[in-house]
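User: I should like to learn how to read the features of a protein model, one at a time. Please give the general idea first and then the case at hand.

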Amino acid sequence: MNAGRSARITLLVAEQAARRGARVGVVDVCTAAVAALPVGGAGVSAMSDTTACHPLCSTDVVSEQMEELQLTLGEGPCIDAFAFRLAVLTPDLRTDEVRARWPVFAISAIEAGAAAVFALPLQIGAISPGVLALYADAPVELDAEELADALAFADAATLVLLDSRLEEPDAFPAEGPPRDGHVEDLGGYRAEIDQATGMLTVQLGVGIEEALVRLRAYAYAYGRRLADVAADVVAHRLRLPPDPDPDPDPDPGPGEGGAEEG
């Protein structure tokens with residue numbers, strides 16, 4: 001990466017952290033990217049080859065929904081960007097090609113208010129801890145300079161994420177990251193989803209991958225956030241049925257619609 005570009009991006013990220021009065025975190029990379037590029041939102045998800053992806057931060061409601069959708073559905077630009085370790089640039093979600101590639105995600109994303117997605121893998125050598133995603137509410141192309149900046153923001157997010165500053169106890173005030181501008185730290189999803197998946201392996205007698213598939217399927221079938229379903233499982237408010245293909249009632253709630261209350 002060009003040294004001058006790297007220094008400029010680093011400064012933009014540091015300025016966002018200074019406004020929060022905190023150490024640099026991935027939330028600052030996201031907000032700086034939104035301010036510098038022709039996009040309306042951004043999010044970072046931590047990913048690995050052996051566990052579920054976990055949203056870490058989002059800058060607005062639409063980007064939060066986009067991160068959550070891909071986590072729940074297991075398909076989308078971020079999933080492919082991580083799997084192939086390549087940037088996945090989708091300037092228009094409405095094309096037939098995009099709908100054929102991600103049939104469920106494309107429709108859901110458009111309904112949520114997204115029209116373009118740029119998913120950039122976070123990578124240093126063989127290490128790839130996640131994906132930076134940029135979202136726009138109208139079709140848009142990134143020119144060569146904008147794409148180079150976007151990749152520089154992805155490099156910055158990689159360094160911040162591997163440095164683990166997001167996890168340091170003094171990285172945010174006691175009440176958590178500021179909510180101004182809908183910036184939200186979603187890292188708390190990770191442990192709960194992993195815990196719920198582990199509990200389901202015992203309850204359902206299945207492997208870890210199948211347990212995650214069941215958790216995702218339940219969340220999608222009932223139109224709920226994956227993190228909320230995981231929280232109910234962990235709190236013993238919800239026990240998933242052995243049947244992997246739930247048939248939801250019109251208005252299901254925790255413990256209802258074919259699932260047993262713990």
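User: How many helices and strands are there in the chain?

Analyst: The chain has 10 helices and 6 strands. Helices (H or I, at least four residues) and strands (E, at least two) are DSSP runs, numbered from the N terminus. The model is predicted: local features need pLDDT of at least 70, side-chain atom pairs count only at pLDDT 80 or more, and totals for chains, interfaces and linings use all residues. Residues are numbered from 1 along each chain as its sequence is written, and side-chain values use heavy atoms, with hydrogens and water left out.

User: What percentage of the residues of the chain count as buried?

Analyst: Buried means under 20% relative accessible area, exposed over 50%, and partly exposed in between (1.4 Å probe, protein chains only). Of the 262 residues, 50% count as buried. As for contacts (heavy atoms within 4.5 Å), residues 24 or more positions apart account for 62% of those in the chain with a separation of 6 or more.

User: How many residues has helix α1, and which of them are buried?

Analyst: An α-helix has 3.6 residues a turn, so residues three or four places apart point the same way. Helix α1 (residues 3-20) has 18 residues, and its first and last C-alpha atoms are 26 Å apart, close to the expected 26 Å; the expected span is 1.5 Å times one less than the number of residues. The buried residues of α1 are Arg5, Ile9, Val13, Gln16, Ala17 and Arg20. They lie on the same side of α1 because they cover an arc of only 110 degrees around the axis, the arc being that of the directions from the helix axis to the C-beta atoms. On the other side of α1, Ala3, Leu11, Ala18 and Arg19 are exposed.

User: At what angle do the axes of α1 and α2 cross?

Analyst: Two packed helices are described by the angle between their axes and the distance between the axes. The axes of α1 and helix α2 (residues 26-36) cross at roughly 115 degrees and come within 8 Å. Axes are lines fitted to C-alpha atoms, for helices over the stretch in contact, and angles run from 0 to 180 degrees between N-to-C directions. From α1, the contact is made by Leu12, Val13, Gln16, Ala17 and Arg20, and from α2 by Val27, Asp28, Val29, Thr31, Ala32 and Ala36.

User: Which residue with a positive phi follows α1, and which follows α10?

Analyst: Most residues other than glycine have a negative phi, and most peptide bonds are trans. Gly21 follows α1, with a positive phi near 70 degrees. After α10 comes His236, which has a positive phi of about 65 degrees although it is not a glycine. His236 counts as partly exposed, at 49% relative accessibility. Arg85, another residue other than glycine, has a positive phi near 55 degrees; Arg85 is placed in the loop between α4 (77-84) and β3 (88-90). The relative accessible area of Arg85 is 25%, so Arg85 is partly exposed.

User: Is α10 mostly covered or mostly open, and where does Arg224 lie?

Analyst: Helix α10 is mostly covered, with 8 of its 9 residues buried. Asp232 is one of these buried residues. Arg224 lies in the loop between α9 (208-221) and α10 (226-234). The side chains of Arg224 and Asp232 are joined by a polar contact of 2.7 Å. A polar contact is a pair of N or O atoms within 3.5 Å; within protein, one must be able to donate a hydrogen and the other to accept it, and residues adjacent in sequence count only if both atoms are side-chain atoms.

User: Which backbone nitrogen does the side chain of Thr158 reach, and with which side chain does Tyr135 make a polar contact?

Analyst: Thr158, in helix α7 (residues 144-163), is buried at 0% relative accessibility. Its side chain reaches the backbone nitrogen of Gln123 at 3.3 Å. Tyr135 is found in strand β5 (residues 127-136) and is buried at 2% relative accessibility. The side chain of Tyr135 makes a polar contact of 3.3 Å with the side chain of Gln70. Not counting residues up to four places away in sequence, Tyr135 touches several others, including Val39, Ser63, Met66 and Cys78.
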